[in-house]
Amino acid sequence: MSQKYFIKNIIFFLCPMLIPLTLLGALAYTIVEHQFKQSITMNNNNLLNQMEQHIDLIFNELNSLYLDNSANSENIMNFKDFLRAETLNYEQTSALNFSLSTLTTQAIARPYIYSIYVYYDNQYKRVLTSSDGLVTLEQFYDQEWFSQFSKKNSNSTIWVQNRTIKNYNFHTPHDVVTLYRNIYWSNSTKTQGIIVLNMKKNYFKTILNNLKTYQNQTIFVLDEKNQFLFVNKNSPSIKNIDLNQIGNKKQDSFPLQVNGESYLVTKHHSSTSGWKYVSIVQTNILYKVPIMLKRITISLSIISFILGILIVIYFSHKNISHLRNVISIIQSAKNGQHLLSKTKQFKDVEYQYIVENIIKSYVEQNQLKMELAEKKYQLQSAEILALQSQMNPHFLTNTLTTIYWKILALTGKPNEAIRMLEYLSDLLNFSLRIGGRTVSIEEEIRNTENYIKILQIRFKDQLSVQWDHDDTILHVSILKLLFQPFIENSISHGLNKEEESDSIKIKIKIRQKHDGIEVSIMDNGKGITKERLTELYESFSSDDFSTEHIGLSNTVKRLKLTYNYKSTFRLLSKPDWGTAVIIYYPFE
């Protein structure tokens, strides 16, 4: 008992406490995580948009250079003259100085520009640079870019290349990101030249590093071919990452696993440059607060569980000790021992109350036993009286069967006498062979129908019986032979048998009411006077059993004894209006 009681207390005490705590913690964690996800996504998008705005300025600069050198016919002619002339005259020198001044101003005015080259195809391989002026390719320290130029190249878009420029052998190399764009004249599809824009990689690294980011957050830029361009720091999180996997992903935000670590990737694709701006940050850094909230919830749940177990152990031990004493007192009461010697004082009011009620019940026990014994004796007496009025069922059934076959042999066909014998035989089988004091409502109705059919053969159209019941309660038990005495009384006292024109209608209504069954039996007979009603109620209240027949009075007493005096019986009548019997009894 101790183990079961302990487990029961754990279930009923800890569950109501731990379940709300766990649900609230899970709900709070889910809400906070959702809010953090939205906030993180918004912040990352803002960072990437800032970076995109910087890069778009550069593309606009390159587009401006392209327009100056492909759409302005005067500039084009000047470039042709001083690039293709063997020696420069005054006008060509002036045009060169003007173009060089314009190019140099553009490079100096933009802090992110390292140098600008403008090249038109010419026999001397001359190129105009913002850093060294007009130079020939053979004498120029930076020749790598020229491999990107080709007259057959029909690419009209901007492409990019990571490069290193070293002015002289004793100079420190400069990391640059070079943008290329072919130059076309008029509507020609043939490449006439190329514009080369060298950007300082360190400048963009500085911009990326100055962005307000999360701890260890990595931001980098990929070109259209998913080649690496800029990064804010040399983070170990990107060393083992497949850039093609990130660049080709259609989603703007997605999780990523690298070396067993979880990362959140946010990507923004630029419609202007085609570049991808990417943010990568560890999940445990982003969700630091939700993770901490989750750990706090788990810790509180564990602490609450341990405290709950200790409290349950204390109260279970205390309550089991009290319950054992109470059980000891109850057992003594069952064995008929004197309880005054067993009485114990409890500190807890509820247990003291239980003990006092046990003693009170013990004091009343003998009286109750006497009353129950008397009721049992009365019920047995009623059954004995009923049995004394019965004939031997085997003899009576065999006799009815013999009479049935004799009548059939004499008449040669079924008739009313044979049908009455059949109904009577069924009645006897029900009354004498079905044991117990109660039967189902369905069985009682079927037996009463046989009794009614016998009466209808006798009284023909003078008798009609109407049933009104709910099919869902047909399985409920009811007192055996309940309806027959009341139908018999309705016919005996409500029908004038000498006048064939006289008739009686009986309605039997059965309904479930509260926790029991209500039966109403109504007729339109002669009714009963007030004096006779008073006599009948007095006979119902008497404890003596009628020995004349199993009639109305005995039926009422059987109801009381069967249902432990919890049934009710009402008899309502008015002369020349009819009589109604209303019976209520509880479910067994």
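These are notes on one helix and on the aromatic contacts of a predicted model.

1. Helix α14 covers residues 552–562. Of its 11 residues, 10 are buried, so the helix is largely enclosed by the rest of the structure. The buried set is L552, S553, N554, T555, V556, K557, R558, L559, L561 and T562. Charged side chains are worth a look here: K557 and R558 are both in that buried set.

2. After α14 comes N564. The phi of N564 is positive, near 55°.

3. The whole structure holds 15 aromatic pairs. One of them joins Y119 and F146 edge-to-face, with 5.3 Å centre to centre and 90° between the planes. This pair links distant parts of the chain, 27 residues apart. Y119 belongs to strand β1 (residues 113–120). F146 sits in the loop between β3 (133–136) and β4 (159–165). Y119 counts as buried because its relative accessibility is 1%, below the 20% cut-off.

4. Y203 and F204 also form an edge-to-face pair. Their centres lie 5.4 Å apart, and the planes meet at 90°. Which of these residues is buried, and which is partly exposed? F204 is buried, at 0% relative accessibility. Y203 is partly exposed, with a relative accessible area of 26%.

5. Y119 and F146 belong to one aromatic cluster. Its other members are Y117, F140, Y141, W145 and F149.

6. Two charged side chains sit over rings. The charged end of R126 is over the ring of Y124, 4.5 Å from its centre. K249 lies over the face of F254, at 5.3 Å from the ring centre.

Technical notes. Residues are numbered from 1 along each chain as its sequence is written. This is a predicted model: local features need pLDDT of at least 70, side-chain atom pairs count only at pLDDT 80 or more; totals for chains, interfaces and linings use all residues. Side-chain values use heavy atoms; hydrogens and water are left out. Buried means under 20% relative accessible area, exposed over 50%, partly exposed in between (1.4 Å probe, protein chains only). Helices (H or I, at least four residues) and strands (E, at least two) are DSSP runs, numbered from the N terminus. Rings of Phe, Tyr and Trp (its six-membered ring) pair if their centres lie within 6.5 Å; planes under 30 degrees apart count as stacked, over 60 as edge-to-face and the rest as tilted. A charge sits over a ring if NZ of Lys or CZ of Arg is within 6 Å of the ring centre and within 35 degrees of the ring normal.
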